[in-house]
Amino acid sequence: MVELEKEVLPLPPRYRFRDLLLGDWQSDDRVQVEFYVNENTFKERLKLFFIKNQRSSLRVRMFNFSLKVLSCLLYIVRVLLDNPQEEEREWKLIIWVDRPLLLWALQVLVVFISFSETMLLVYLSYKGNIWEQVLRVAFILEMISAIPFMITVIVPSFRNLFIPVFLNCWLAKHALENMINDLHRAIQRTHSAMFNQVVILISTLVCLMFTCICGIQHLERAGNNLTLFDSLYFCVVTFSTVGFGDVTPKIWPSQLLVVIMIFVALIVLPIQFEQLAFLWMERQKSGGNYSRYRAQTEKHVVLCVSCLKIDLLMDFLNEFFAHPRLQDYYVVILCPAEMDVQVRRVLHVPLWAQRVIYLQGSALKDQDLMRAKMDDAEACFILSNRFEVDRFAADHQTILRAWAVKDFAPNCPLYVQILKPENKFHVKFADHVVCEEEFKYAMLALNCVCPATSTLITLLIHSSRGQEGRGCAADQWQRTYRRCSANEVHHIRLEESKFFGEYQGKSFTFASFHAHKKYGVCLIGVRRLDTTNILLNPGPCHIMGASDTCFYINISKEENSAFVRGQREPTRGGPGGNGRGGVPPTIYHGLTRLPVHSIIASMGTVAIDLQDSSDSSPEGQEAGLMGLRGGRGSRRGSRAEMGGVNTLSLPAMGDAAEERRHSIAPVLELVDGVNNPTFDLLGDQSEDEGGEEDKEDSDRDEERAHWWVKGYPLNSPYIGSSPALCHLLQEKMPFCCLRMDKACHHVPFEDARSYGFKNKLIIVSAESAGNGLYNFIVPLRAYYRPHKELNPIVLLLESIPEADFLEAICWFPMVFYTVGSIDNLDSLLRCGVTFADTMVVVDKESSMIAEEDYMADAKTIVNVQTLFRLFPALSIITELTHPANMRFMQFKVKDHYSLALSKLEKKEREKGSNLVFMFRLPFAAGKVFSVSMLDTLLYQSFVKDYMISITRLLLGLDSMPGSGFLCAMKISEDDLWIRTYGRLYQKLCSSTGDIPIGIYRTEAQKLPVSESQVSITVEDYEDTREPREPLLSRSGPHRNSTSSEPVSSSHSTDHPLLRRKSMQWARRLSRKGGRGPGGAKSGGPSSAAERISQQRLTLFRRSERQELNALVRTRMKHLGLSPTGFNGMTDQGNRLSYILINPSPDARLELHDVVYLIRPDPLSLVPNQGNSRKCNAGRADSHKFDTQDSTHL
């Protein structure tokens, strides 16, 4: 500080107060310097004013344009005042005109100002070449108009000299073009080039017509003495190629002028029209603008995509406009790519032409967002390009688009689709986010334990009215499947509901059962007013409140339903449909606050028969001996139920009551407590079921070896994964032990058979170990799945996974990986495909791009077809890129039934159905899944903002405290005493609190087997099969509780066609044996030839099935694997499976039906008593858990 103070100079002695104020006390030491952006010369200042500055230059251009127009008007006035009197042809009339003095003075003044301005601009634009300025067309025209008037000032006798002032119209056109350019620069706004080109074209036409009119009128002064109107009439008739001939030029100068003007028009106008057409085409590609007036008076949403395909567009439009209240919305598509030909063709359809606006632009540019009026949009959908080679790059583009939209329009709701789960947290600010890989792997995982979960979710998230296949479905299963596929998830407040209003103050299970019994709706979830969390089946302890929001499954929402009371018409026996046939005209009693859009909607009204709500059934009148105690009854019940609890056991009855109808306990309105051990699912109840002693001992040994515990995974592969309580290992598995096909010093096994697994394997074939595979493992290791039902998981990967992925999966029991490919038989055998129950084939990311559409699935389809032929007993679940390719799954040539389904699909596509592929057997059975089916989940969340949350809860991606989970149980022979779906509903609600939501039914295909099911036809080779080998062997029963392939009761030989062909083969083989070389002598060359011929005949007689089995067994022996237990003769070709969502209470249960259940959360039902299981925290230093039964929370 001292040094700084010393540097300050003291005030001079001549210091005065005025000098201090004015700053003059050091004026001798300071020099003021001025800086200029432009050169401070007179020429530069003039140039800045006349040319460089946009606003001043715009004013100069407008003044110049006004001068040129004024000169043309003065010329017209001179023509109107001129009246030549000579009757004979006088050429001097072309040179001399009559110009009044006042008019001459005005023209001279205008010309002088215009000439001065022109010379000034030439001086300012001079850059060293004077001829460049002098030879310009505008300068020449200016000189032609200005110099003669200058001469008339000097020489008064030339005052009446004709001067072609009308040529100033071209100078006015040039000034107009410059004025528009300066206008665009001055207001800093990019106008459409179409506007500029239209202005130029119109001005060119006007100049041509004006020049021709004035020229012909003046030249005809020496001829017909035409007026301006006559000349205008002649020019219009001539340029329009009509040519009446009533007005024609008489002298050769005017005729020559007409010829010249026609040639000029033929040269100039086509160029102008070509440029205009080019700009019009470019504008059609870019899409123009969405006007601010429309954005403020109409509702619109914006769809941002990087590449728009026709399938994506149609899925969005069909799903978005399926809702009645969205009929008046407009869709603005913002895409940086040029519009596809197919997309352009669709957008020309009148149905979409008035609703969809395509804009070519980028979401990263504010100008394009302004064109789309993003700040006024109701919502913005941002979709990722799943066909991008680099999926991470596609996600990065989506993230930037989301950030740009949020920055430009912070109040616009965002609906974002992301591909990779590790990128999800970048867009967590969005209102709704769907991560493709999260949903995909969780859905594929549940497909392994709950068959056809992918089909169930797909049908629930699609908008359908049950009209698919109507009038075309010939089979009963198609009609039933069609009616039940129309069910969707709806919501309503309990106090406003006719369905659930009467159950206020009752338990959730009581409301769900009685609502299904009375109205046919399935109550699956509820949400309190003071929370945003949705609870699926909160259990019997949840008491329904007036402010609760109820979520239910039904064909239509309650607001679109009419109620018919007192009609007890007999219903049709087929399951499905909440609507009843033959119902008299409906009587609408009026719901409270019925929305207007529900009245004017074109969607049909569902008539619901209000049955008597009193519990007058024999089940409700009889004294229920089971009640909530029925869960531990006889062991003859369904052992196939997930969780291992026997809830469908027959009630204990005496001999006198054997002929009576079996009773089911009523569902209680209120549950006092949950002390019943049926609800205590925290522990592994499979250990308490009992059984043979040797089984129990082996299970105990296995559990002691693994020391499984329940807890939360310690390592998550990405940020944003929801914590889930799972089965874990007490100590993590070493990385070397995770690889199944290689032995290590910990585990000496090299194949799946050596491990001695009790359950069959689940194999996942993927290209690489992405973080999405973590969501495949978690649902299959959830804490509510018993130990005995856990299947080993084998990941078949083409490359060795990264260490962070292995660190995430090493805590899960029975999770392994192998390195190989699905198209390699040795890799399949090493990973244990012969011991697998299910194989999941995930679509490869590298093959999603193909030069030809729909060819991206070619390799996957062929590989799956090979798997199907090699291992027919294996349940294969395939993911495809394009849903249209599912018709090639398990493809059979000349299969008449598949051809019929193909025709049905084509008819549905012509009708514009949302689910054209729903009747395909692989989709109905849940064997095929396409990730594009999940797109509708994001679209539907615009109307139903709860759909993403409900889907995540069903798939196990989110575990909300108190919310239930999706599981399945199989109906066995001992469970058929329940008979109907409604009685099953009551049984489950009264015993375990489970809520059934649908049935997965498998039945024999009652159709003649086509010739394609025989691998080699008789006409080609008569001896293709040995008569001893059956065509289709009977498959044994599956022990897996959730297998979707129940045992077929009919043997393959029951089909007449197969039996007849087998008999034909046997007779032909016997005839061939009789015609053998019987007269030949044994021994010598003849016996060797006979032996060779017999071997050849044996090889010739081998069937394709036998050859494939021999190939598999040979490869197994070569790899050192034992072929024992391999059975390649099982075929499942004669079965068809389909889903019935929310069937009617009268639907009959059939053997091997798989019932979808939403089971209440076991943790919320565990009583808080001293004998309850305690939650022990794991030690962080060693990551070990204390006891086997501990739960690490």
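## A walk through a predicted chain

Serine 765 sits in strand β15 (residues 761-766), where helices (H or I, at least four residues) and strands (E, at least two) are DSSP runs numbered from the N terminus. This is a predicted model, in which local features need pLDDT of at least 70 and side-chain atom pairs count only at pLDDT 80 or more, while totals for chains, interfaces and linings use all residues. Residues are numbered from 1 along each chain as its sequence is written, and side-chain values use heavy atoms, with hydrogens and water left out.

Let's stay with serine 765 for a moment. Its relative accessibility is 6%, so serine 765 counts as buried; buried means under 20% relative accessible area, exposed over 50%, and partly exposed in between (1.4 Å probe, protein chains only). Leaving aside residues up to four places away in sequence, serine 765 touches Leu796, Ile822, Met839, Val840, Val841 and Val842, a contact being heavy atoms within 4.5 Å.

Another strand residue is alanine 968, placed in β21 (residues 965-970). Alanine 968 is buried because its relative accessibility is 1%.

The table gives one C-alpha pair for each of these two residues.

| Pair | Separation in sequence | C-alpha to C-alpha distance |
|---|---|---|
| Serine 765 and valine 819 | 54 residues | 9.9 Å |
| Alanine 968 and glycine 998 | 30 residues | 9.6 Å |

Now for the whole protein chain. It has 39 helices and 25 strands, and buried residues make up 52% of its 1193 residues. Of the contacts with a separation of 6 or more, 76% are between residues 24 or more positions apart. The accessible surface comes to about 56,400 Å², with 56% of it belonging to carbon and sulfur atoms; areas come from the Shrake-Rupley method with a 1.4 Å probe, and for residues only the protein chains shown count as cover.

On to the interior. The largest nonpolar core has 207 residues, and those with the most contacts inside it are Phe320, Phe381, Phe500, Leu773, Phe776, Met839 and Phe871. Such a core is a set of buried Ala, Val, Leu, Ile, Met, Phe, Trp, Tyr and Cys residues joined through side-chain atoms within 4.5 Å. Helix α19 (residues 436-449) gives the most to this core, with 9 residues. A second, separate core of 39 residues includes Ile94, Trp104, Ile163 and Met261.

Helix α19 also packs against helix α20 (residues 453-461), at an angle of about 125° and with the axes 7 Å apart. Axes are lines fitted to C-alpha atoms, for helices over the stretch in contact, and angles run from 0 to 180 degrees between N-to-C directions. The two helices are therefore oblique to each other; angles under 35 degrees count as roughly parallel, over 145 as roughly antiparallel, 65 to 115 as roughly perpendicular and the rest as oblique. Met443, Leu446 and Asn447 of α19 meet Thr453, Ser454 and Ile457 of α20.

A second helix pair is α22 (residues 508-519) with α36 (residues 981-991), whose axes come within 10 Å and cross at roughly 175°. That makes α22 roughly antiparallel to α36. Here Thr509, Ser512, Phe513 and His516 in α22 meet Tyr981, Gly982, Tyr985, Gln986 and Cys989 in α36.

Finally, two loop residues. Arginine 979, in the loop between β21 and α36, has a positive phi of about 75° although it is not a glycine. Histidine 1152, in the loop between β23 (1135-1141) and β24 (1154-1159), also is not a glycine and has a positive phi near 70°. Arginine 979 is partly exposed, with a relative accessible area of 23%, and histidine 1152 counts as partly exposed at 21%.
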